[in-house]
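Student: I should like to study the model shown below and to ask some questions about it.
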Amino acid sequence: MVLLKSLHIILENPKYAGNIGMVCRLIANFDLPPLRIVGEKKDLHFEMEWMAHNSNEELSKIEYFSEPKKAREDLSLLIGTAMIQGKDRVGFIPLSDLTNKIKSQVEKKVGIVFGREDRGLSNAMMDICDFMIDFKLPGKQPSMNLSRSV
C-alpha cells in the first residue's frame, strides 16, 4: 500500500489529549508517517499515553507546526475535512470521489487535515486545502469524534 506510506495525518489545534493518543495508535496500526499538529506543542498527558496504548513511540515523533502553511510545505496535495458546508466553504467533493482524486498522487506526499473538535478547520487552513471532503452522515448526530473521523 504505497498510498498509505505517503499519507500524512494533520490535526489542527486538537482540544483533547485522548484524541491525539488515539490518532497516534492509528498511525502505528497502519505504519503511517508521524502525526502533524498545527498549534502549540502539547505536553504528554496521561490520557494521551493511555489512548495511544502501546504506541507511545508515535507520541514522541509528533511534528508540531506554528501555522498551517508550514505543515503543508512538503505536501503535493492537502485534503480538508468538514461536516458542514457553507457559503464560505467551497471545493467540497463527496467522500466517494476521494479515491479518484488521489490516484495520481501515489508516489507523492498527501496530507489530510482534521479540525479542532469544537470548531472544525480554521479559514486559514481551509484556504490552503486543495479540496474538502464532505462527510455527510445519515444519522441524527451530525458529527463524529475526531479520532473516529481519522
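Tutor: Helices (H or I, at least four residues) and strands (E, at least two) are DSSP runs, numbered from the N terminus. This is a predicted model, in which local features need pLDDT of at least 70, side-chain atom pairs count only at pLDDT 80 or more, and totals for chains, interfaces and linings use all residues. Residues are numbered from 1 along each chain as its sequence is written, and side-chain values use heavy atoms, with hydrogens and water left out.

Student: In which helix do Phe46 and Trp50 both lie?
Tutor: The two residues are four apart, about one turn of the helix. Both belong to helix H3.

Student: Are the planes of the rings of Phe46 and Trp50 stacked or edge-to-face?
Tutor: Rings of Phe, Tyr and Trp (its six-membered ring) pair if their centres lie within 6.5 Å; planes under 30 degrees apart count as stacked, over 60 as edge-to-face and the rest as tilted. Here the centres are 6.3 Å apart and the planes are at 10°, so the pair of Phe46 and Trp50 is stacked.

Student: Is Trp50 buried or exposed?
Tutor: Buried means under 20% relative accessible area, exposed over 50%, and partly exposed in between (1.4 Å probe, protein chains only). The relative accessible area of Trp50 is 55%, so Trp50 is exposed.

Student: Which helix or strand gives the most to the largest nonpolar core?
Tutor: A nonpolar core is a set of buried Ala, Val, Leu, Ile, Met, Phe, Trp, Tyr and Cys residues joined through side-chain atoms within 4.5 Å. The largest has 25 residues. Five residues of this core come from the element that gives the most, H2.
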